[in-house]
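Reader: Could you take me through one part of this model, slowly and in one go? I would like to follow how the helices and their charged side chains are arranged.

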Amino acid sequence: MTHDLVTSLRPLLTAEASAEAYAAGAEPGVEQAVWLRLLEHLDAEGPPRDPQEWLRRAVRSEARRSRRTRRLERPYAVEPADDPGRDPEQLALAAARGRALREAVRRLPGRCPRLMEALLSPEDLTYREIAGELGISQGSLGPERSRCLGCLRRLLTPEVAAR
């Protein structure tokens, strides 16, 4: 049943996700996020009554979420590269921040700790290498990374606010 539903919805999802992503300037991970939502829905509640309509709503919802996230996340104006002229106090503070980050990463649920460690690795692994190491598809890394970063933000927010 699940396989038939996935097979029948694949063309519609591809079309809806690409149209919504293009119109909204959203990331291409919308399609993978909707597949995940569908599988979660199937596991929790069974198949939707109207799968096509459910899928359209899920695509719009994921595209909106992606837009909100993109608006909130801003790149650095300048890369925070290592500065050889930093004094010992700055080096100690940077080391403490690194330890706090790694400690928070270890407290993440599921496979998030392994994913975040791979992303933070000094080896600068590619998505393909990370996916192979974790045994998951390369296409699911983006949505998984977003979920893990959200969990990490929630873990670190009380610690940052307390300081």
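Author: Happy to. A salt bridge here is a side-chain nitrogen of Lys or Arg within 4 Å of a carboxyl oxygen of Asp or Glu. Please keep in mind that this is a predicted model, in which local features need pLDDT of at least 70 and side-chain atom pairs count only at pLDDT 80 or more, while totals for chains, interfaces and linings use all residues. Residues are numbered from 1 along each chain as its sequence is written, and side-chain values use heavy atoms, with hydrogens and water left out.

By the salt-bridge rule, the count comes to nine. Let us begin in helix α3, which spans residues 51-72; helices are DSSP runs of H or I with at least four residues, numbered from the N terminus. Within α3, R57 pairs with E53, and their closest N and O atoms are 3.9 Å apart. These two residues are four positions apart, about one turn of the helix. For accessibility, buried means under 20% relative accessible area, exposed means over 50%, and partly exposed is in between (1.4 Å probe, protein chains only). R57 has a relative accessible area of 44% and is partly exposed; E53, at 30%, is also partly exposed.

Another salt bridge in α3 links E62 with R65, at 2.9 Å from N to O. Here the partners are three residues apart, again about one turn of the helix. E62 is buried at 8% relative accessibility, whereas R65 is partly exposed at 33%.

A further salt bridge joins R102 to E117, with 3.1 Å between the closest N and O atoms. R102 lies in helix α4 (residues 88-106) and E117 in helix α5, so this pair ties together parts that are 15 residues apart in sequence. Both ends are partly exposed, R102 at 32% and E117 at 30%. Shared partners also join salt bridges into a network made of R37, E62 and R65.

That network leads us to helix packing. Two packed helices are described by the angle between their axes and the distance between the axes. The axes are lines fitted to C-alpha atoms, for helices over the stretch in contact, and angles run from 0 to 180 degrees between N-to-C directions. Helix α2 (residues 30-45) and α3 have axes that come within 9 Å and cross at roughly 130 degrees. The two are therefore oblique to each other; angles under 35 degrees count as roughly parallel, over 145 as roughly antiparallel, 65 to 115 as roughly perpendicular and the rest as oblique. On the α2 side the contact (heavy atoms within 4.5 Å) includes R37, and on the α3 side it includes E62 and R65. By class, the contact of α2 with α3 has nine nonpolar, two polar and three charged residues. Ala, Val, Leu, Ile, Met, Phe, Trp, Tyr, Cys and Pro count as nonpolar, Asp, Glu, Lys and Arg as charged, and the others, Gly among them, as polar.

Finally, look at α5 (residues 112-120) beside α6 (residues 127-134), whose axes come within 10 Å and cross at roughly 150 degrees. These helices are therefore roughly antiparallel to each other. R114, L115, A118 and L119 of α5 meet Y127, I130, E133 and L134 of α6. This contact has six nonpolar, no polar and two charged residues.
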